[in-house]
Amino acid sequence: MKPASKTAPRTFAVKSFGCQMNVYDGDRMSELMSAQGLTATDPDQADLIVLNTCHIRERATEKVYSDIGRIRKHAMARHGKNPMIAIAGCVAQAEGEEIVRRAKVDVVVGPQAYHNLPELIAKAARGESALDTGMPVEMKFGHLPARRRVPPSAFLTVQEGCDKFCTYCVVPYTRGAEVSRPWAHIVDEAKALVDAGAKEITLLGQNVNAWEGEDGSGASGGLDGLIRALDRIEGLKRIRYTTSHPNDMREGLIRAHAEVEKLMPFLHLPVQAGSDRILKAMNRSHTRDSYLRLLDRVRAARPDIALSGDFIVGFPGETEADFAETLSLVDSVAYAQAFSFKYSPRPGTPAADMAGQIPAEVMDERLQRLQAALNRDQEAFNAATVGRTCALLLERKGKLPGQLIGKSPWLQSVHLVSDAVVGDLVEVEIVSAGANSVAGVERVPVAA
Ligand code: 5AD
Ligand code: SF4
């Protein structure tokens with residue numbers, strides 16, 4: 001059936017779900033539509049709503065369908081008309097035509113094709129079918145407008161896709177193969193971000209530490225070389241990167257943590273599980289021991305580094321003994337923070353068909369125990385930073401008068417009362433610690 005034509009939208013809203021790469025993509029879609037003359041507004045009032053979706057865990061797809069229903073009902077009640085709806089992100093990539101069939105949305109666009117949004121919106125307005133889930137080798141970034149207004153801490157995607165094929169994960173299917181953006185494009189975008197007000201840049205990639213490319217002189221290198229190039233950008237104060245895979249954590253990058261002052265002492269290095277048997281079934285290609293030895297090397301290079309990770313409980317076949325190994329790994333690492341999830345079978349992935357799927361109540365109970373251990377370590381990490389003096393990048397205003405919230409070098413949320421403004425870097429002493437944040441008091445830096 002041919003979709004009904006709609007008037008071309010004049011206002012839009014983008015709602016992003018899931019990972020930081022989706023947040024970055026959502027921002028770039030907004031910039032693209034603003035450059036086309038559309039005005040950003042509240043989702044309640046927009047002529048066009050882009051749902052930038054996530055497919056990593058279960059119910060994401062069902063949630064998208066119920067969101068679509070809710071948006072339509074709301075818009076009808078408010079102004080009696082249906083907004084144009086575009087589905088972007090990984091659910092768009094995985095579901096494709098099915099979303100148009102089931103929910104009659106106007107546009108479906110995958111994560112590698114969103115530079116074509118203006119064309120797709122125009123097609124939808126003409127009542128034509130507007131679906132693009134292509135994965136062109138040529139990257140979309142060259143077709144996007146320049147960065148103009150950015151927050152003090154900005155994201156910059158440098159690498160996309162994944163070749164690792166962990167048996168539980170949809171990313172290699174929805175985001176495609178590993179591709180690194182070229183050096184010069186990244187350096188140019190980083191400079192544009194700094195000119196637009198960014199003080200900190202977080203380099204993003206599904207496997208960011210697998211980034212490789214040629215530098216300005218034609219020599220090939222890894223993420224550490226790129227970080228050293230960004231280190232030379234005047235006005236840029238801090239560099240971070242996420243997410244990394246243990247197998248791509250090379251010596252040069254570890255050394256960068258010892259040598260590059262702007263590189264923050266924080267590393268998100270997912271391990272997923274503590275048992276070698278489960279790691280093998282997950283196709284993780286590292287062992288518990290190789291992971292722990294890697295962390296020893298990172299800590300030797302940067303003793304104050306804050307460590308973070310991702311965990312999955314209840315992977316098919318996980319016994320109580322396997323899970324106990326996850327808990328003991330957590331005990332020996334003492335993470336500063338971490339994310340933990342119940343295993344969720346994703347259609348089309350090898351693990352979804354494995355024997356030994358774990359009952360929901362067992363997963364719930366294991367997740368609770370794991371999170372109790374992770375929370376304990378996070379609180380202990382925060383408490384151990386009390387008394388430290390560090391630079392704080394102020395990112396937003398707090399709820400109380402005069403309160404500002406920023407990030408410490410170790411990625412803790414720090415709140416303080418100060419006359420400084422968002423975007424300032426201030427010297428603070430951490431004076432008290434809670435489970436999820438710490439409090440700071442401004443210190444006047446002593447002139448050298
Ligand atoms: N079930 C549960 N968690 C998953 N993750 C990825 N796929 C799944 C899945 N099928 C988690 C991993 C990954 C994080 C981004 O999401 O821990 O590191
Ligand atoms: Fe998914 Fe594994 Fe790739 Fe991470 S490394 S994106 S978990 S397949």
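In this predicted model, domain 2 and domain 3 bury about 1400 Å² between them, with carbon and sulfur atoms giving 58% of that area; buried area here is the accessible area (1.4 Å probe) that two parts lose on being put together, summed over both. On the side of domain 2, the residues that lose the most area to domain 3 are P152, R238 and N382, which together account for 39% of what that side buries.

To place this interface in the chain, it helps to know that the protein is divided into domain 1 (11–132), domain 2 (140–384) and domain 3 (389–445), with bounds from an automatic or database domain assignment. The C-alpha centres of domain 2 and domain 3 are 25 Å apart. Contact (heavy atoms within 4.5 Å) links 18 residues of domain 2 with 21 residues of domain 3.

Turning to polar interactions, zero salt bridges are found across the interface of domain 2 and domain 3, where a salt bridge is a side-chain nitrogen of Lys or Arg within 4 Å of a carboxyl oxygen of Asp or Glu. Helices and strands being DSSP runs (H or I, at least four residues; E, at least two) numbered from the N terminus, β13 (238–242) and α13 (360–384) each supply at least two residues of the side of domain 2 that touches domain 3. The most comes from α13, with five residues.

Residues are numbered from 1 along each chain as its sequence is written, and chains are lettered from A and ligands numbered from 1 in the order in which they are written. Local features need pLDDT of at least 70, side-chain atom pairs count only at pLDDT 80 or more, and totals for chains, interfaces and linings use all residues, while side-chain values use heavy atoms, leaving out hydrogens and water.
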